[in-house]
Amino acid sequence: MKNWFKSLYTWGMQWASTKWGAWALFICAFADASFLPLPTPMFFMALTLLNTTRAYKYALFGTMGTLTGAIAGYAIGHFVWLGAHGEFTSFARFVFDNIPGFTEAVYQSIHIQFTKWGLGILFLAPFIPVPYKLFSISSGAFDMNIFIFAVGTLIGQGFRFYLLSFLIIKIGPGVKKLFEFNLKPVAILATACIAIAFIAIKVF
């Protein structure tokens, strides 16, 4: 785990040099939004930093992968998450016990946030460090209108991916150099966040 960020960069480099990079991102985003904890934002950033000319193409594939994965997650929540009397099914219990970060306490917290924010939580979700699968499965379990859920997901996730693309295009050359050094992930992410914040303030 020590060199996970550098390994992800190497993996991203391999995909970025092929015509299948966008589809690899699509599959990663689909799985991440539905049932598996995958580092989609990091993979997206690695791909985009390595090939900024495809930044907006990657944003499109990331958005659509997340949207379709979120709909799959919604279906899981709607059809197989709760029993006839509102109790958790064996499948839900399996997820709680085996998927990192997806606990019953987190699920209940998401329920509270849905009650408080409604549709607005889907716009906030892309910018908080919580896997989107929590929101997609919860939306299905809470019986949110699927059309509203899909539109909220499309807008929120699309905004995130395209904003990241825009910022990476602006600061890409400088951030890309960070990968050439064996820095700790914390140092890399901190520097990247500072750079993105600086550009955002300057642009907006």
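## Exercises on helix α8 and its surroundings

In this structure, helices α6 and α8 lie roughly perpendicular to each other. Keep in mind that you are working with a predicted model. Let's go through it together.

**Exercise 1. Work out how α6 and α8 are arranged in space.**

Step 1. Find the two helices: α6 covers residues 104-117, and α8 covers residues 132-141.

Step 2. Look at the packing angle, which is about 70°, with the two axes 10 Å apart.

Step 3. Compare that angle with the cut-off: 65 to 115 degrees counts as roughly perpendicular. The pair is therefore roughly perpendicular.

Step 4. Add the handedness: α6 and α8 make a right-handed crossing.

**Exercise 2. Find which residues bring α6 and α8 into contact, and sort them by character.**

Step 1. On the α6 side, pick out V106, Y107, I110 and F114.

Step 2. On the α8 side, their partners are L134, F135, S138, S139 and A141.

Step 3. Sort the residues of this contact: 7 are nonpolar, 2 are polar and none is charged.

**Exercise 3. Is α8 mostly covered or mostly open? Check residue by residue.**

Step 1. Recall the cut-off: a residue is buried when its relative accessible area is under 20%.

Step 2. Go along the helix. Y132, K133, L134, F135 and S136 are among the buried residues, and so are I137, S138, S139, G140 and A141.

Step 3. Count them up: 10 of the 10 residues of α8 are buried, which makes the helix mostly covered.

Step 4. Set this beside the whole protein, where 44% of the 204 residues count as buried.

**Exercise 4. Describe D143, the residue with positive phi that follows α8.**

Step 1. Place the residue: D143 sits in the loop between α8 and α9, and α9 spans 146-176.

Step 2. Read its backbone angle: phi of D143 is near 60°, a positive value in a residue other than glycine.

Step 3. Judge its exposure. The cut-off for exposed is over 50%. D143 has a relative accessibility of 51%, so D143 counts as exposed.

**Exercise 5. Put the pair of helices into the picture of the whole protein.**

Step 1. Count the elements: there are 10 helices and 0 strands.

Step 2. Look at the contacts between residues at least 6 apart in sequence: 74% of them join residues at least 24 apart.

Step 3. Finish with the surface: the accessible area is about 10900 Å², and 71% of it belongs to carbon and sulfur atoms.

How values were computed: Residues are numbered from 1 along each chain as its sequence is written. This is a predicted model: local features need pLDDT of at least 70, side-chain atom pairs count only at pLDDT 80 or more; totals for chains, interfaces and linings use all residues. Side-chain values use heavy atoms; hydrogens and water are left out. Helices (H or I, at least four residues) and strands (E, at least two) are DSSP runs, numbered from the N terminus. Buried means under 20% relative accessible area, exposed over 50%, partly exposed in between (1.4 Å probe, protein chains only). Contact means heavy atoms within 4.5 Å. Accessible areas come from the Shrake-Rupley method with a 1.4 Å probe; for residues, only the protein chains shown count as cover. Axes are lines fitted to C-alpha atoms, for helices over the stretch in contact, and angles run from 0 to 180 degrees between N-to-C directions. Angles under 35 degrees count as roughly parallel, over 145 as roughly antiparallel, 65 to 115 as roughly perpendicular and the rest as oblique. A crossing is left-handed if the near helix is turned anticlockwise from the far one by less than a right angle, and right-handed if clockwise. Ala, Val, Leu, Ile, Met, Phe, Trp, Tyr, Cys and Pro count as nonpolar, Asp, Glu, Lys and Arg as charged, and the others, Gly among them, as polar.
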